[in-house]
Amino acid sequence: MWVTEVDVPNFEEVYRLEKPPGFVALHRCRRAPAFGGTRIRAYASWDEALHDALRLAEAMTRKYAINGLPFGGGKAVLIQQELGDRATALRTLADFVESLGGRFITGSDLGVTESDVHLMATRTAYIECRDGAEATSESVFQAIRAALDFCRGSDSLRNRTVAIQGVGAVGSRLARKCVEAGARVLVADTDADRVATLAATLPVSDRATGEILRVRADVLAPCAVGGVIRSDETDTLRCEILCGGANNILDRDDTADLLEARGIVYVPDFLANSGAAVEGAWTQLAGAGDYSPQIAAVGTRVRQILEDARRAHVSPLAAALRTVAVTVPPVSSAHRDA
Ligand code: NAI
């Protein structure tokens, strides 16, 4: 494996790997370990892969900071089309994670299966084999309830419409929770089999993938990939609340201001989808256990952020980032204190 350290402002450590091809980005790892999954995805370029790694690592830092948990954020991304032999790639990445001596603890993310993670665990102790999809879908569900309560004065989903983009591990679980709570659920997925499997056991209504972001719904929940809410398309949205499981739902942070101007309540994704991060952090801190109260507390935090935002006349993202900024010192002072 060839590894080059890349200097990226505001990031503590970033590595470019040639074999396997990709990046390990550690936004904050020096005061406390950086936590974050490994993603394998097709990228159009190395720059696009780096950009994804950086945004995802920073989002992880935000997740821990907003929940008051003592961890930093990191991410590994591998470029799928240049991966070569998958098992060799995963073992080599695991060896690199091991060589970081615990500054980075990884796990699964998009494109990485349970068996991939178990394979990596044969080479490094710094990996979590837990599947976070249940905890993630639960925190998104609690976030939706909190946002409904804030907007409508009731957290009930009865007769509310929830549109879900992507019904993989997180989206399918969220769909089930919403249906069980009485919601009408619309779904779309680029993989038609996933929709068919879900629709066989749950009364969900199928929509075209190009349509789901524009349907009229109380809640729009992107649970597929990031960057789907674009600054030049916010006027096509017809939801009241935007709250999903995908990381980095907005193409850029300032898209949140456009949503705010349109009266759409955007629940910051790094808070809504932090259930798995919360569960993982508590497992590290206190051992295996039932952390459902801590995951449910994400709903309380959402309510607090929405109220802070209303009081300060800013978007919920701006309010959440103020909270995070208090908790996460900039990289220069972190280095000084190290
Ligand atoms: P997954 O791979 O199981 O599901 C993603 C689904 O989205 C797949 O069914 C895929 O076919 C579909 N999809 C992809 N592009 C699409 C598009 N343009 N339109 C409609 N459907 C599309 O992944 P998973 O685990 O459910 O994660 C979903 C999102 O949640 C990802 O962004 C991930 O980073 C994020 N996330 C997942 C966590 C977890 O614990 N699994 C934790 C926090 C965030």
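**Ligand, helices and loops**

Student: What makes the pairing of alanine 133 with the ligand a polar contact?
Tutor: A backbone N or O atom of alanine 133 lies 3.5 Å from an oxygen atom of the ligand. A polar contact is a pair of N or O atoms within 3.5 Å, so this pair counts. This is a predicted model, where local features need pLDDT of at least 70 and side-chain atom pairs 80 or more, while totals for chains, interfaces and linings use all residues. Residues are numbered from 1 along each chain as its sequence is written, and side-chain values use heavy atoms, leaving out hydrogens and water.

Student: What distances do threonine 190 and glycine 245 give?
Tutor: A backbone N or O atom of threonine 190 sits 3.3 Å from a ligand nitrogen atom. For glycine 245, a backbone N or O atom is 3.2 Å from a ligand oxygen atom. Overall, the protein covers 81% of the 830 Å² of accessible area (Shrake-Rupley method, 1.4 Å probe) that the ligand has on its own.

Student: Which residues surround the ligand most closely?
Tutor: There are 25 around the ligand (a heavy atom within 4 Å of it), and the closest are Ala169, Val170, Asp189, Arg194 and Ala224. Helix 4 (133–152) and helix 5 (169–180) each supply at least two residues of that shell; a helix here is a DSSP run, H or I, of at least four residues.

Student: Why is helix 4 called oblique to helix 5?
Tutor: Their axes, lines fitted to C-alpha atoms over the stretch in contact, with angles from 0 to 180 degrees between N-to-C directions, come within 8 Å and cross at roughly 45°. Angles under 35 degrees count as roughly parallel, over 145 as roughly antiparallel, 65 to 115 as roughly perpendicular and the rest as oblique. That crossing therefore makes helix 4 oblique to helix 5.

Student: What is unusual about asparagine 10 and the bond from lysine 19 to proline 20?
Tutor: Most residues other than glycine have a negative phi, and most peptide bonds are trans. Phi of asparagine 10 is near 75°, a positive value. The bond from lysine 19 to proline 20 is cis, with omega near -5°. Proline 20 is in the loop between strand 2 (13–17) and strand 3 (22–26); strands are DSSP E runs of at least two residues.

Technical notes: Polar contact = N/O pair within 3.5 Å; in protein donor to acceptor, adjacent residues only side chain to side chain.
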